[in-house]
Amino acid sequence: MHKILIIEDDPHVNEVIARALTKAGYSCARAYSGTEGLLLIEKESFSLIVLDLMLPGISGEELLTKLREKHNTPVIVLSAKDSLDSKVGLLETGAEDYMTKPFEIKELLARIAVQIRLREGGKQEESEQLTYKAMRLDSGAFWAVVDDKELPLTRQEFKILELLLSKPDRVFSKQDIYDYAWDDIYIGEDKTINVHIGNIRKKIKAVTDEEYIETVWGVGFRLAK
(Lines give C-alpha, C1' and ligand atoms only; values in the text may rest on other atoms or scores of the structure.)
Protein backbone atom coordinates (compact mmCIF):
# COMPACT_ATOMS: atom_id res chain seq x y z
CA MET A 1 0.00 0.00 0.00
CA HIS A 2 1.29 3.46 -0.91
CA LYS A 3 1.75 5.79 2.06
CA ILE A 4 1.11 9.51 1.58
CA LEU A 5 2.31 12.22 3.97
CA ILE A 6 -0.06 15.20 4.29
CA ILE A 7 1.58 18.36 5.66
CA GLU A 8 -1.23 20.88 6.12
CA ASP A 9 -1.87 23.10 9.16
CA ASP A 10 -5.60 23.58 8.53
CA PRO A 11 -7.24 20.67 10.42
CA HIS A 12 -10.31 20.64 8.16
CA VAL A 13 -8.32 20.54 4.91
CA ASN A 14 -5.96 17.95 6.37
CA GLU A 15 -8.93 15.78 7.38
CA VAL A 16 -10.65 16.09 3.98
CA ILE A 17 -7.49 15.03 2.15
CA ALA A 18 -6.85 12.15 4.55
CA ARG A 19 -10.39 10.82 4.22
CA ALA A 20 -10.27 10.97 0.42
CA LEU A 21 -6.89 9.25 0.28
CA THR A 22 -7.98 6.52 2.69
CA LYS A 23 -11.13 5.93 0.65
CA ALA A 24 -8.97 5.68 -2.49
CA GLY A 25 -6.88 2.93 -0.88
CA TYR A 26 -3.86 4.87 0.35
CA SER A 27 -2.31 4.85 3.80
CA CYS A 28 -1.84 8.30 5.33
CA ALA A 29 0.39 10.08 7.80
CA ARG A 30 -0.53 13.60 8.87
CA ALA A 31 1.49 16.60 10.04
CA TYR A 32 0.29 20.08 10.96
CA SER A 33 3.57 22.01 10.82
CA GLY A 34 6.74 22.02 8.77
CA THR A 35 8.76 20.88 11.76
CA GLU A 36 6.47 17.91 12.41
CA GLY A 37 6.54 17.03 8.71
CA LEU A 38 10.34 17.05 8.62
CA LEU A 39 10.50 14.73 11.63
CA LEU A 40 8.19 12.24 9.92
CA ILE A 41 10.19 12.40 6.67
CA GLU A 42 13.38 11.60 8.57
CA LYS A 43 11.74 8.63 10.33
CA GLU A 44 9.64 7.04 7.57
CA SER A 45 9.51 6.47 3.82
CA PHE A 46 6.61 7.83 1.77
CA SER A 47 5.39 7.30 -1.78
CA LEU A 48 4.39 10.98 -2.08
CA ILE A 49 4.08 14.15 -0.01
CA VAL A 50 1.21 16.65 -0.18
CA LEU A 51 2.72 19.91 1.07
CA ASP A 52 1.06 23.17 2.07
CA LEU A 53 3.29 26.27 1.91
CA MET A 54 1.95 28.47 4.71
CA LEU A 55 3.00 26.36 7.68
CA PRO A 56 3.96 27.15 11.28
CA GLY A 57 7.54 26.36 12.22
CA ILE A 58 9.43 25.50 9.04
CA SER A 59 7.72 26.96 5.97
CA GLY A 60 6.73 24.76 3.04
CA GLU A 61 9.39 26.32 0.81
CA GLU A 62 12.12 25.71 3.39
CA LEU A 63 10.91 22.16 4.00
CA LEU A 64 10.96 21.41 0.27
CA THR A 65 14.56 22.66 0.07
CA LYS A 66 15.60 20.46 2.99
CA LEU A 67 13.76 17.48 1.52
CA ARG A 68 15.52 17.76 -1.84
CA GLU A 69 18.94 17.66 -0.15
CA LYS A 70 18.44 13.98 0.72
CA HIS A 71 15.26 12.61 -0.88
CA ASN A 72 13.57 12.36 -4.29
CA THR A 73 10.07 11.63 -2.97
CA PRO A 74 7.46 13.23 -5.28
CA VAL A 75 5.91 16.40 -3.82
CA ILE A 76 2.61 18.04 -4.77
CA VAL A 77 2.40 21.57 -3.38
CA LEU A 78 -0.86 23.17 -2.23
CA SER A 79 -0.88 26.96 -2.00
CA ALA A 80 -3.05 30.05 -2.23
CA LYS A 81 -0.23 31.69 -4.21
CA ASP A 82 -1.15 31.43 -7.87
CA SER A 83 1.40 33.67 -9.63
CA LEU A 84 3.61 32.23 -12.35
CA ASP A 85 6.74 33.29 -10.42
CA SER A 86 5.57 31.31 -7.38
CA LYS A 87 4.98 28.19 -9.48
CA VAL A 88 8.33 28.52 -11.28
CA GLY A 89 10.09 29.02 -7.95
CA LEU A 90 8.61 25.80 -6.57
CA LEU A 91 9.59 23.88 -9.69
CA GLU A 92 13.12 25.22 -9.30
CA THR A 93 13.15 24.01 -5.70
CA GLY A 94 12.05 20.53 -6.76
CA ALA A 95 8.27 20.16 -6.56
CA GLU A 96 6.73 17.76 -9.07
CA ASP A 97 3.34 19.44 -9.20
CA TYR A 98 1.44 22.47 -7.91
CA MET A 99 -2.24 23.06 -7.08
CA THR A 100 -3.78 26.41 -6.20
CA LYS A 101 -6.23 26.63 -3.30
CA PRO A 102 -9.16 26.19 -3.32
CA PHE A 103 -8.81 22.89 -5.19
CA GLU A 104 -11.00 19.95 -6.14
CA ILE A 105 -10.19 16.81 -4.17
CA LYS A 106 -10.84 14.64 -7.26
CA GLU A 107 -8.17 16.54 -9.17
CA LEU A 108 -5.71 16.13 -6.30
CA LEU A 109 -6.36 12.37 -6.26
CA ALA A 110 -5.81 12.22 -10.03
CA ARG A 111 -2.50 14.09 -9.77
CA ILE A 112 -1.34 11.87 -6.93
CA ALA A 113 -2.17 8.78 -9.00
CA VAL A 114 -0.19 10.17 -11.96
CA GLN A 115 2.94 10.81 -9.87
CA ILE A 116 2.82 7.37 -8.25
CA ARG A 117 2.21 5.67 -11.59
CA LEU A 118 5.17 7.47 -13.11
CA ARG A 119 7.45 6.51 -10.23
CA GLU A 120 6.26 2.90 -10.15
CA GLY A 121 6.68 2.63 -13.91
CA GLY A 122 10.33 3.53 -13.51
CA LYS A 123 10.79 0.86 -10.85
CA GLN A 124 9.32 -1.84 -13.07
CA GLU A 125 11.73 -1.21 -15.92
CA GLU A 126 14.72 -3.45 -16.33
CA SER A 127 17.88 -1.87 -15.01
CA GLU A 128 19.90 -0.19 -17.74
CA GLN A 129 23.02 1.86 -17.14
CA LEU A 130 23.88 4.80 -19.35
CA THR A 131 27.25 6.56 -19.23
CA TYR A 132 28.71 9.79 -20.56
CA LYS A 133 32.05 11.26 -19.45
CA ALA A 134 32.10 10.79 -15.65
CA MET A 135 28.31 10.45 -15.40
CA ARG A 136 26.55 7.13 -14.81
CA LEU A 137 22.79 6.70 -14.74
CA ASP A 138 20.78 3.61 -13.81
CA SER A 139 17.24 3.70 -15.20
CA GLY A 140 15.97 0.79 -13.12
CA ALA A 141 17.44 1.79 -9.76
CA PHE A 142 16.69 5.47 -10.42
CA TRP A 143 20.08 6.96 -9.56
CA ALA A 144 22.64 9.11 -11.32
CA VAL A 145 26.21 9.87 -10.27
CA VAL A 146 28.97 12.17 -11.49
CA ASP A 147 32.52 11.37 -10.35
CA ASP A 148 30.89 8.76 -8.07
CA LYS A 149 28.86 11.47 -6.30
CA GLU A 150 25.10 10.94 -6.43
CA LEU A 151 22.88 13.64 -7.90
CA PRO A 152 19.67 14.27 -5.87
CA LEU A 153 17.34 14.39 -8.87
CA THR A 154 13.58 14.71 -9.09
CA ARG A 155 11.77 12.31 -11.41
CA GLN A 156 11.54 14.83 -14.25
CA GLU A 157 15.21 15.80 -13.91
CA PHE A 158 16.17 12.13 -13.99
CA LYS A 159 14.06 11.47 -17.09
CA ILE A 160 15.58 14.47 -18.89
CA LEU A 161 19.10 13.18 -18.25
CA GLU A 162 18.03 9.67 -19.23
CA LEU A 163 16.76 10.97 -22.57
CA LEU A 164 19.90 13.00 -23.28
CA LEU A 165 22.21 10.09 -22.39
CA SER A 166 20.20 7.68 -24.53
CA LYS A 167 21.43 9.46 -27.69
CA PRO A 168 24.47 11.60 -26.85
CA ASP A 169 24.82 13.12 -30.33
CA ARG A 170 21.19 14.13 -30.81
CA VAL A 171 19.67 17.54 -30.14
CA PHE A 172 16.32 17.14 -28.37
CA SER A 173 13.63 19.77 -28.75
CA LYS A 174 11.65 21.02 -25.78
CA GLN A 175 8.68 19.04 -27.04
CA ASP A 176 10.85 15.88 -27.21
CA ILE A 177 11.91 16.43 -23.61
CA TYR A 178 8.42 17.24 -22.33
CA ASP A 179 6.86 14.24 -24.07
CA TYR A 180 9.44 11.93 -22.48
CA ALA A 181 9.66 13.37 -18.97
CA TRP A 182 6.03 14.38 -18.34
CA ASP A 183 2.79 12.47 -18.65
CA ASP A 184 1.10 15.43 -20.27
CA ILE A 185 0.63 17.35 -23.52
CA TYR A 186 3.26 19.95 -24.38
CA ILE A 187 1.65 23.37 -24.82
CA GLY A 188 4.75 25.38 -25.67
CA GLU A 189 5.53 26.51 -22.12
CA ASP A 190 9.29 27.12 -22.22
CA LYS A 191 9.76 27.98 -18.55
CA THR A 192 9.02 24.47 -17.29
CA ILE A 193 11.77 22.89 -19.40
CA ASN A 194 14.22 25.74 -18.78
CA VAL A 195 13.72 25.55 -15.02
CA HIS A 196 14.38 21.81 -14.91
CA ILE A 197 17.44 22.05 -17.16
CA GLY A 198 18.72 24.84 -14.91
CA ASN A 199 18.17 22.66 -11.83
CA ILE A 200 20.12 19.78 -13.37
CA ARG A 201 23.00 22.09 -14.28
CA LYS A 202 23.15 23.44 -10.71
CA LYS A 203 23.23 19.95 -9.22
CA ILE A 204 25.98 18.84 -11.60
CA LYS A 205 27.91 22.06 -10.92
CA ALA A 206 27.84 21.24 -7.21
CA VAL A 207 30.05 18.17 -7.83
CA THR A 208 32.09 19.05 -10.94
CA ASP A 209 33.08 21.97 -13.18
CA GLU A 210 32.56 19.77 -16.27
CA GLU A 211 29.69 20.91 -18.51
CA TYR A 212 27.17 18.20 -19.38
CA ILE A 213 24.22 19.97 -21.03
CA GLU A 214 24.54 22.30 -24.00
CA THR A 215 21.84 24.67 -25.23
CA VAL A 216 21.35 24.71 -29.00
CA TRP A 217 19.59 28.04 -29.43
CA GLY A 218 16.31 27.85 -31.28
CA VAL A 219 16.42 24.05 -31.36
CA GLY A 220 16.75 22.48 -27.88
CA PHE A 221 19.35 20.71 -25.76
CA ARG A 222 22.01 18.01 -26.06
CA LEU A 223 24.95 16.65 -24.13
CA ALA A 224 27.94 18.99 -24.14
CA LYS A 225 30.96 17.78 -26.06
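Two strands count as paired when DSSP finds at least two bridges between them. That criterion applies at the opening stop of this tour, which runs through a predicted model.

**Stop 1: strand β1 and its neighbours**

Select residues 3-7, strand β1; four of its five residues are buried, so the strand is mostly covered. Add residues 27-31, strand β2, to the selection: five bridges join β2 to β1, and the two strands run parallel. To find a single pair within this ladder, display L5 of β1 together with A29, its bridge partner in β2. Next, trace the chain from β1 to β2. The path leads through helix α1, residues 11-23, and this β-α-β crossover is right-handed.

Now select residues 48-52, strand β3. Four bridges connect β3 with β1, again in a parallel arrangement. Here the pair to display is I6 and V50, the latter in β3, which stand opposite each other.

**Stop 2: the parallel sheet as a whole**

Extend the selection to the five strands of this open sheet. Their order is β2-β1-β3-β4-β5, and the pairing is parallel. Which strands form the edges? They are β2 and β5, the latter covering residues 97-100, and each pairs on one side only. Viewed from strand to strand, the twist of the sheet averages 20 degrees.

**Stop 3: the cis peptide after β5**

Move on to K101 and P102. A cis peptide bond joins these two residues, with omega at about -5 degrees. P102 itself is placed in the loop between β5 and α5.

**Stop 4: the second largest pocket**

Display the surface around helix α5, residues 105-124, which is among the elements that give two or more residues to the lining of the second largest pocket. The others in that group are α3 (60-70) and β8 (143-146). The largest share of the lining, four residues, comes from α5. The volume of this pocket is about 420 Å³.

To centre the view, select H71, N72, T73, R119 and F142; of the 21 lining residues, these are the closest to the centre of the pocket. Colouring the lining by class gives 10 nonpolar, five polar and six charged residues.

**Stop 5: the antiparallel sheet and its loops**

Select strands β6, β7, β8 and β9. They form an open sheet of four strands in the order β6-β7-β8-β9, with antiparallel pairing. The edges of this sheet are β6 and β9, each of which pairs on one side only.

Two loops here deserve a separate selection. The first holds K133, which lies between β6 (129-132) and β7 (135-138). K133 is not a glycine, yet its phi is positive, at about 55 degrees. Is the residue buried, partly exposed or exposed? With a relative accessible area of 40%, K133 is partly exposed, because that class covers values from 20% to 50%.

The second loop, between β8 and β9 (149-150), contains D148. D148 also has a positive phi without being a glycine, the value being about 65 degrees. D148 has a relative accessible area of 64% and is therefore exposed, the cut-off for that class being over 50%. On either side of this loop, β8 and β9 run antiparallel and are joined by two bridges. One pair to display is V146 and K149, the latter being the bridge partner in β9.

**Stop 6: the β10-β11 hairpin**

Finish with residues 213-216 and 220-223, strands β10 and β11, and the loop between them, where G218 is found. The two strands pair in the antiparallel sense over four bridges. Within this pairing, T215 stands opposite F221 of β11. The strands form a hairpin with three residues between them, and G218 in the turn has a positive phi of about 80 degrees.

How accessible is G218? Its relative accessibility is 89%, so G218 counts as exposed. As a last step, draw a distance from G218 to S173. The two residues are 45 positions apart in sequence, and their C-alpha atoms are 8.9 Å apart in space.

Technical notes. Residues are numbered from 1 along each chain as its sequence is written. This is a predicted model: local features need pLDDT of at least 70, side-chain atom pairs count only at pLDDT 80 or more; totals for chains, interfaces and linings use all residues. Side-chain values use heavy atoms; hydrogens and water are left out. On a 1 Å grid over the protein atoms alone, a cavity is a set of points where a 1.4 Å probe fits but cannot get out, and a pocket is an open set with protein on both sides within 12 Å along at least five of seven lines; lining residues have an atom within 4 Å of a point. Grid points are joined across faces, edges and corners, and a volume is the space filled by probe spheres set on the points. Ala, Val, Leu, Ile, Met, Phe, Trp, Tyr, Cys and Pro count as nonpolar, Asp, Glu, Lys and Arg as charged, and the others, Gly among them, as polar. Buried means under 20% relative accessible area, exposed over 50%, partly exposed in between (1.4 Å probe, protein chains only). A crossover is right-handed if, with the strands pointing away from the viewer, the path from the first strand over the helix to the second runs clockwise. Axes are lines fitted to C-alpha atoms, for helices over the stretch in contact, and angles run from 0 to 180 degrees between N-to-C directions.
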